[in-house]
Every structure is written in structure tokens, then in C-alpha cells.
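Subject: Structure for your review

Dear colleague,

Please find below the structure that I am handing over to you. A written account of the findings comes after it.

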Amino acid sequence: MARYNAKTTEAKWQATWAERGVFAAEVDTAKPKYYVLEMFPYPSGRIHMGHVRNYTLGDVLTRYKKAQGFNVLHPMGWDAFGLPAENAAIERGIHPAKWTRDNIAAMKKELLAMGLSYDWRRELATCDVEYYHQQQRMFLAFLDAGLAYRRESLVNWDPVEHSVLANEQVIDGRGWRSGALVEQKKLTQWFFRITEFSDDLLAALDGLERWPERVRLMQSNWIGRSEGMKVDFAFADRPGALTVFTTRHDTLFGASFCAISPQHPLAQEIARTNPKARAFIDECQRIGTSEAALEQAEKIGFDTGIKVRHPCRASWELPVYIANFILMEYGTGAIFGCPAHDQRDLDFARKYGLAVTAVVAPPGQEADFTIGDAPFLDDGKLVNSEFLDGLDVAAAKTKMAAHLEAKGLGQRTVNYRLRDWGVSRQRYWGCPIPVIHCPACGVVPVPDRDLPVRLPDDVDFAGSGNPLSRHPTWKRVACPGCGKPAERETDTMDTFVDSSWYFARFASPRATQPLEADAIGYWLPVDQYIGGIEHAILHLLYSRFYMRAAKRCGYVDFTEPFSGLLTQGMVCHETYKDANGKWLYPEEVAFDPAGTAVHAASGAPVTIGRSESMSKSKKNVVDPNPIIDKYGADTARWFMLSDSPPERDLEWTDAGVQGVWRYVNRLWRLVDEPGAPVATVGAARPAAFGEPATALRRVTHKTIATVTKCMESFHYNRAVAAVHELSNAIQEFCAAVGPQATAADAWTHREALEAVALLVGPMMPHLAEEMWQQLGHRNLLAQTAWPKHDPALVIDDVVTIAVQVMGKLRATLELARDLPEAEVRSAALANGSVVKAIAGKAVRKVIVVPNRVVNVVV
RNA sequence: GCCCCUGUGGCGGAAUUGGUAGACGCGGCAGACUCAAAAUCUGUUGUUGGUAACAACGUGCUGGUUCGAGUCCGGCCAGGGGCACCA
């Protein structure tokens with residue numbers, strides 16, 4: 001029996017598609033467009049299972065939409081700037097550019113072997129000078145529009161390496177390489193004014209109907225619009241006031257302290273003269289800059305000795321603490337603490353022996369409500385609050401706000417959690433920020449004629465700090481304004497900037513302006529974007545901002561870059577550790593006959609950890625290449641689609657791939673060695689069909705309907721199941737009709753086989769193409785229209801109705817579709833098992849759900 | 001810690017969105033073919049009791065709404081993603 005030869009077949013069709021330019025997309029205003037995009041990869045050197053899953057999903061959609069008659073754009077590129085290239089340079093002495101280019105070449109080869117429907121002519125890498133040249137122009141346009149600006153902010157600073165650390169490079173408060181305690185350092189850095197669009201970014205989420213609800217929710221929470229007040233607490237023994245932001249001004253009479261961020265100007269001022277305060281602030285800064293670290297750290301405070309007066313009772317003085325959990329970036333960097341109605345404030349008050357006064361009480365407990373271990377967070381009636389007593393929370397907020405505003409002590413404010421986007425990176429391998437610092441003229445944009453600002457090739461990674469600023473000559477330039485000696489900006493841009501507009505650049509990847517209007521107008525926005533859920537907030541929000549900024553600068557005329565979003569789950573695998581606690585790759589682990597895991601090389605015992613998303617750091621990665629090499633891309637693709645719905649995490653197991661490979665061969669045999677005659681291509685449709693043929697035709701058309709629906713809703717795993725059922729039905733049909741099949745049987749057989757090939761086409765394109773050819777076609781399946789089902793064959797005239805007694809299934813009835821309710825009812829009540837279950841009790845009620853269920857209530 | 005999501009047989013999952021829980025596949029078991037193995041084909045496979053018909057139980061735990069809950073609501077538990085310099 002000839003087995004399907006995946007390797008030669010796949011290479012053959014890949015070459016054919018490429019030669020005929022099947023996936024080359026051009027603007028064609030006569031056809032409806034569809035833009036499919038997967039999140040472009042970071043060129044780490046090898047594709048991993050997450051990529052295989054991501055690109056398979058995009059490829060299925062592309063081929064399906066193409067078969068539906070759309071003009072489909074499906075490009076691919078490389079998110080090529082970033083930290084790992086610099087790490088490679090430091091660790092192995094390879095230039096980041098070479099490392100990146102080599103990785104791109106290797107990964108492209110792997111992608112080509114997957115048979116993906118990309119228009120490779122549009123390939124781009126963000127480290128291409130022609131790409132970052134255009135990005136620099138857009139940066140200057142943003143600068144001109146006031147959307148880019150400089151200010152001071154904190155970075156993680158490694159005092160030994162003299163370099164800025166990414167959050168992931170800070171481990172337990174220490175630099176990952178030097179092990180030195182990380183400090184925080186203030187640097188003047190570039191920001192994009194994303195907060196300019198806070199309201200719009202939030203409001204427009206409602207219109208993103210083809211985005212997952214949870215992503216919209218996460219973004220909404222991230223933007224974090226909250227209505228509250230700025231309230232002034234006058235200093236008791238100095239002029240001025242401390243302005244706090246609160247959303248709970250109703251609880252103002254429960255205030256027992258104020259707290260300010262360690263970065264608050266007041267904290268900084270105190271620290272200049274008070275060494276203890278200085279030490280406390282330094283201690284706080286050791287936690288790092290990440291919000292997660294701050295929130296999880298023990299809540300501690302430092303009593304500054306400064307007192308402020310309560311805005312409603314001037315005689316009431318409250319202490320001011322510096323506290324490690326107050327973020328300078330949020331609100332005013334200062335709060336008032338009301339321990340009775342906030343968990344964090346309560347913890348803090350208990351720790352420092354501060355008063356806990358309940359000012360909101362649950363109904364009925366207004367007289368004697370006290371707080372124990374937990375704050376009271378629900379609505380209730382105000383108590384101990386003078387003019388607010390007796391009001392509910394909402395009414396108290398309104399009254400307090402009016403009171404404070406009338407006295408000039410506060411102001412209603414809308415506050416956002418969203419902060420401006422810091423885009424400066426003190427690194428080499430990124431897009432240079434195209435400005436020049438002149439001692440006389442200040443910040444001067446690089447004139448357009450002098451763009452691009454190219455990265456120098458001759459850089460030294462051996463030293464510490466930013467190689468660009470250490471470069472002996474690169475930054476020394478003449479000021480474009482006055483001609484005197486000046487210095488280039490040596491910060492490069494966050495790589496999120498690169499990925500915030502690449503999807504638009506794909507419309508005209510070689511254009512000499514950033515974005516080309518005609519191409520953008522036709523192709524954008526992206527109709528379906530597909531990528532990991534881990535990008536649900538940052539990348540997607542930055543891209544949404546970037547398009548708004550680009551629109552304001554006249555580059556585009558839309559604001560939302562992605563009309564549809566599919567967030568795929570992670571690909572997971574078991575983790576392995578040796579006796580020393582070191583992570584092991586799956587291929588380093590062997591299983592002995594008893595199923596115990598051992599180190600393949602040494603035989604030493606191995607601990608199996610739980611399954612987690614594949615990551616290099618835990619080494620629980622499976623290389624797709626050996627699988628593609630052995631079984632072919634179609635097998636890997638089908639496995640990715642068949643086992644889990646796209647949005648769910650997928651557990652990679654070696655078992656199963658074998659099964660898919662067997663199924664590939666089974667499908668191939670359906671056409672290569674058919675079990676019954678197959679009519680010739682284009683044979684006339686017979687006038688009548690026999691019993692087995694009608695049954696098969698029903699399955700065929702139901703499968704077409706099901707798979708089509710699944711394709712529209714991304715339920716690819718269900719599409720796979722439906723195709724399985726059709727191929728099972730074909731085998732049963734062949735066994736039933738055998739070699740004596742009639743002409744009508746042969747025609748039906750062909751109809752079913754063609755349906756299988758066409759339906760499988762987007763998922764296993766090489767096998768489908770080969771089947772199509774084997775069935776006698778001379779055109780390409782990749783250029784053939786999607787099949788349509790015959791509605792008459794999809795609806796059964798007999799339905800199975802479940803009969804329950806008190807909700808418990810007692811019988812099923814085969815009845816004619818749409819039988820009158822009375823007849824269904826009497827048929828159900830006449831059934832022996834039903835009678836037995838009723839056991840002579842009086843029937844109180846019979847619920848009949850048409851064509852589905854009867855429930856007898858006794 | 002905060003925000004979001006997920007939880008169904010030995011395993012991945014399905015269930016027309018409130019109407020027969022376990023489709024389809026993997027794995028297992030039994031059989032056919034074979035000198036043998038692979039491949040292929042057939043049957044079987046939620047758990048418990050029963051030779052069987054059948055019965056009881058069963059969708060993380062717990063409480064509720066309903067004629068009826070995997071699906072809706074409340075409370076918990078476990079796992080995953082994100083937390084602004086990883087991409």
C-alpha cells in the first residue's frame with residue numbers, strides 16, 4: 001500500500017503556489033478585500049509551537065476567505081529589534097544585526113515549510129533601515145503635534161553594570177547579571193501622550209464588536225476611568241496644602257491619616273533634611289518599578305511628623321506618612337486613608353496604631369457599627385459624618401463634593417489609571433530617536449533630509465551602559481539649527497513602537513513615505529488579527545493609540561487598527577527538573593517502561609512539573625521542526641486545529657500526532673484507493689438516488705453546512721470533527737455499495753470526496769491539493785470556490801425527542817419533524833418506560849419543547 | 001496584591017447558548033489479517049451494581065433560581081494570562 005509522501009507532496013505544492021503567485025495580493029477595487037494578520041514574531045531563531053498554532057489559524061482563515069471570493073492580504077514580517085539580540089551580542093560576541101538576520105533566515109525557512117499563504121513580497125523587518133526611517137519620520141510628526149514629549153521618570157538602575165534594567169532583568173530586587181541591589185534612577189525620557197486619548201480609547205471599545213469581551217474588559221480596566229475628587233488638606237504648621245485624589249470623598253470623616261508616594265515632591269523635600277526619611281525612600285525604591293512588586297510587597301510607611309488639617313474640621317490634624325504602596329503616577333501621588341472602608345488603609349492603620357472610625361454602616365447597625373478584621377465596602381448609611389449622616393454613599397458623595405467645591409477645598413475630577421507611554425530605551429538595538437540636543441537650541445528634530453538616523457555598525461558591547469552613548473563619534477553632530485557642536489539623542493525607541501504600525505506598513509511596504517494613502521484606504525483596517533492573549537493589553541492598546549496619533553498627523557483616516565481580534569491560547573507542556581532543580585528540555589527526558597521520567601543521557605531521576613505555557617526559561621518547549629520533517633506540515637497543522645478551540649490553551653502531547661498522521665493517510669486512501677467507483681469529473685448529476693446515496697448526500701451537505709459555520713466562528717476543532725464524520729460516512733457508504741455501485745452512487749461518491757478535499761483545503765492544504773488532483777482536476781484547489789450545501793438535504797424529517805419525567809430522561813422517541821404538540825404529548829405519555837416512571841401518579845403538567853424534549857411533571 | 005479567563009471520562013474536547021452530557025479524536029481492551037511485526041479493518045470503552053433488561057451516580061466545591069442547569073445567580077477552591085523596560 002503506497003503511503004502518502006508528505007515531504008515531496010508538500011514541497012511540490014509549495015513550489016506551485018509560489019510559481020503561480022496564488023497568494024500575491026494586489027489592490028483590486030472590484031473585489032471585497034479581507035486583511036488577515038497574525039502577530040509577527042520576534043526572530044528568536046526557531047519557530048515554536050505557539051507560532052505554528054498562530055500561523056496555522058491565520059492560514060486557515062486566509063484560504064477560507066479566498067475560497068469565499070475575497071481579495072485577501074496576508075503578509076508576514078519580523079519584530080526584529082529587542083533585548084535578546086543585545087544579550088546575544090554580550091554573551092556570544094555576535095553583532096545584533098547578524099544574529100537577527102541569521103535568525104530571520106532560519107525562521108523563514110521553517111515558515112516556508114509550513115505551506116503558509118503569505119504574500120512574501122511584502123516581508124519586512126523592523127530593523128530594516130527603510131522601516132525605521134519611516135518610523136523616525138512619524139516620531140517627528142508626533143513630536144510636532146505635541147504627542148511626543150520629554151519628562152523625568154524612574155528606571156531600574158544596575159549600579160555595577162551602569163545600565164538600565166528591564167523589569168524582567170530585576171530578580172528579587174537585584175540585577176540579573178551583576179546581582180547588585182537595583183537602584184532607581186531618574187532620567188529624562190521620551191513619552192507618547194497616550195492619555196490624550198484616554199476617553200476615546202475607552203469609549204471606542206464598545207464598537208469593537210469582533211473583539212473578545214474579556215480583552216475589551218481588560219483594556220477598559222487598564223484605562224481605569226474613575227470619577228472622584230481632588231481634595232486639599234491644609235498643612236498645620238506651614239503654608240500650602242496636600243492635594244489628594246479620592247473616589248471615596250463620602251468617607252472623608254473616617255480619615256485617619258494621609259499618605260504620599262516616595263516620589264512625591266514633599267517626600268523628596270523631607271528626605272533632603274531627614275536621613276531617616278531618605279533611608280526609608282531608598283528602601284522603598286529597592287522594590288523596583290513594577291506595580292506587581294509594589295503591590296505584593298509588605299505595606300510600610302514612614303511618619304514624616306508633618307500634620308495636615310481635615311478639610312471639614314480645621315481642628316482635626318492628621319499625620320502624613322510616606323508609604324510604599326502609593327504610586328506617584330496615579331492621581332496626585334497622595335491619598336487620605338480611611339481604614340474602615342478600604343482594606344489597604346485598614347492594614348496600614350492596624351500596623352501603625354491609627355484610628356479606625358466607621359462612617360458607613362450597614363442597614364440597621366447605624367447606632368453601634370464597628371470594624372473588625374474586614375473593612376465595610378458595601379453601600380449603607382453614613383454615620384459619624386456631621387452633615388452627611390443618614391445619607392447613602394452616592395448621595396453623600398454628591399453632597400460632600402458640593403460642600404468642598406463651595407468652600408474651595410476640592411474639585412470633582414475624572415482620573416485615569418492609564419499613564420503616558422514611556423518610549424525611551426537606553427539600548428542599542430532599536431530605532432534611534434531622531435533628535436539632536438544642542439546646548440544653545442535645546443531639542444532639535446533631525447531635519448527630514450538628514451533622515452534616517454542610522455544605527456552605527458561598529459559598536460562595542462563589552463563595556464557597560466548604552467553602547468550608542470559610548471560610541472566615540474556617532475553622537476557628535478552639528479546642530480541643524482545653529483551649526484554648533486551638539487549631540488544626538490542616544491535613546492532608542494521601545495520595540496512596542498515598531499509593532500504599533502507594522503500592520504499598516506504592510507499595505508505598501510516599500511513606499512518612500514511611511515504610509516501610502518491608496519493602499520491604506522483599500523486594505524486597512526485589519527479585518528482579522530490573530531495572536532496571543534498575552535498581548536491583550538499593551539501591544540493592542542499602543543496600536544490603537546498609534547493609529548489615533550497617525551490620524552491626527554494625517555497619515556490615516558481611521559482610528560481602530562483591528563476590526564476583528566482572535567486571541568489564541570498558549571501552547572503548554574509539562575516541565576522537567578533534574579535533581580539540582582535545573583530545567584530540562586523534553587528531548588533530554590526519557591521515560592522508562594514503568595513510565596518514570598529519567599534524564600536521557602545520565603539516567604538520573606527527573607521531577608515532572610505541571611504543564612505550563614511553553615517558555616525558554618523553563619525549557620518546556622517542543623521543536624515543531626522534527627514533526628514537520630517526519631510527518632509533514634499538514635499533520636502538525638491538523639493537530640493544532642483538532643485538539644482545542646483556538647482561544648483555549650492547548651496541551652501539546654506527542655501522542656496524537658501519530659493519530660493525525662494515520663488520518664492523513666486514511667484521507668489519501670479515500671481517493672487513491674477508493675472502496676467504490678467514483679464518477680468522472682463533470683459527470684451529469686443523476687435524476688434519482690438510492691438509499692445509501694441519499695444517506696451519504698445528507699451527511700455530505702450537513703458537513704458542508706457545519707464546516708462552513710465553524711470556519712466563520714473559528715471553531716476549527718469542531719470542523720475537524722465534522723470532517724471525520726464525513727470520511728467515516730464515505731467508508732460506510734463504500735462498504736455498503738461495493739463495486740456494484742450504480743452511476744448515481746458513483747456520482748454521490750465523487751460529490752462526497754470533493755467535499756472532503758474542499759473542506760479540508762484550508763486546514764491541510766497540501767493533502768487537499770493532492771486529493772483534488774487525484775480526483776481528476778487540473779485547476780488548483782487553492783483557487784477553487786468554497787462548496788455550498790443544499791438546504792433540502794440538511795434538514796431531517798425525523799427528529800429524536802427526549803422524554804423526561806421530572807427532568808430525568810426515561811425514553812427517546814423518533815417522530816416526524818414539527819409534529820403537532822398534542823400528538824407529541826400523547827406519544828410521550830403512551831411510552832412504556834414513561835408510564836412506568838410516572839408510576840400511576842397524577843400528571844400535573846407536560847412541557848413540550850418542539851422537536852427536542854418533553855418533560856412530564858408529576 | 002489588583003484586573004481578566006478557565007475548570008466536563010484515563011486524555012484533548014463536543015453539547016444547536018436553559019432542553020437526550022460525553023459528538024469527534026487520542027489512549028486502552030478484545031478480535032480479524034500476518035510466519036511475525038508494522039500498517040489496516042471490526043467491536044468495545046464515564047463510574048458503581050447487575051448475566052441481562054435496567055437502575056443509581058456523574059460537568060472543580062458549595063448554596064440558589066427553574067418543569068429542566070455543564071450552561072444562569074451567590075460564595076469558595078485550583079490553574080492560567082497581564083500588571084506599563086520580555087516580546
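The paragraphs below describe the chain as a whole, then its cores, one helix, one hairpin, one pocket and a single residue.

Please note that this is a predicted model. Chain A contains 26 helices and 37 strands. Its C-alpha trace spans about 105 × 85 × 65 Å along the principal axes. Of the 858 residues in chain A, 54% are buried. Among contacts in chain A with a separation of 6 or more, 72% are between residues 24 or more positions apart.

As for the interior, nonpolar side chains tend to be buried together in soluble globular proteins. The largest nonpolar core in this model has 176 residues, and Phe192, Phe503, Leu524 and Trp652 touch the most other members. Helix α22, residues 716-737, gives the most to this core, with 11 residues. Another core, of 46 residues, lies apart from it and includes Phe233, Cys258, Cys312 and Phe336. To return to Phe503, its contacts beyond the neighbours within four places in sequence are Tyr35, Leu37, Leu524, Val526, Ser543, Met547, Pro561 and Phe562.

Helix α24, residues 765-774, is mostly covered, with eight of its 10 residues buried. Those buried residues are Pro765, His766, Leu767, Ala768, Glu769, Glu770, Met771 and Trp772. They pack against α1 (6-19), α2 (49-67), α19 (633-642), α20 (657-672) and α23 (743-760). Gly776, just after α24, takes a positive phi of about 105°.

The next item is a hairpin. Strands β36 and β37 form it with three residues between them, and Asn851 in the turn has a positive phi of about 60°. The two strands run antiparallel and are joined by five bridges, β37 covering residues 853-857. One of the pairings is that of Lys845 with its bridge partner Val857 in β37. In a regular strand the side chains alternate between the two faces of the sheet. Strand β36, residues 845-849, shows such an alternation: Val846 and Val848 point to one face and are buried, whereas Lys845, Ile847 and Val849 point to the other and are not buried.

You may also wish to look at the second largest pocket, which has a volume of about 690 Å³. Its lining consists of 24 residues, and Phe245, Tyr330, Ile335, Asp342 and Arg344 lie nearest its centre. By class, the lining of this pocket has nine nonpolar, seven polar and eight charged residues. At least two lining residues are supplied by each of β11 (241-246), α10 (291-296), β15 (334-337) and α11 (343-352). The largest share of the lining, three residues, comes from β15.

Lastly, I turn to Ala695, which lies in helix α21, residues 691-713. Is Ala695 buried, partly exposed or exposed? Its relative accessibility is 38%, so Ala695 counts as partly exposed, since that class runs between the 20% limit for buried and the 50% limit for exposed. The C-alpha atom of Ala695 is separated by 68 Å from that of Arg454, and these two residues are 241 residues apart along the chain.

With kind regards

Note on methods. Residues numbered from 1 in each chain as written. Chains lettered and ligands numbered in written order. Predicted model: local features only at pLDDT ≥ 70, side-chain atom pairs only at ≥ 80, totals over all residues. Heavy atoms only, no water. 1 Å grid on protein atoms, 1.4 Å probe; cavity = no way out; pocket = protein on both sides within 12 Å on 5 of 7 lines; lining within 4 Å. Points joined across faces, edges and corners; volume = space filled by probe spheres on them. Helix = DSSP H or I, 4+ residues; strand = E, 2+ residues; numbered from the N terminus. Nonpolar A, V, L, I, M, F, W, Y, C, P; charged D, E, K, R; others polar. Buried < 20%, exposed > 50% of the residue type's maximum accessible area, 1.4 Å probe, protein only. Pairing = 2+ DSSP bridges. Core = buried A, V, L, I, M, F, W, Y, C linked by side-chain atoms within 4.5 Å. Contact = heavy atoms within 4.5 Å.
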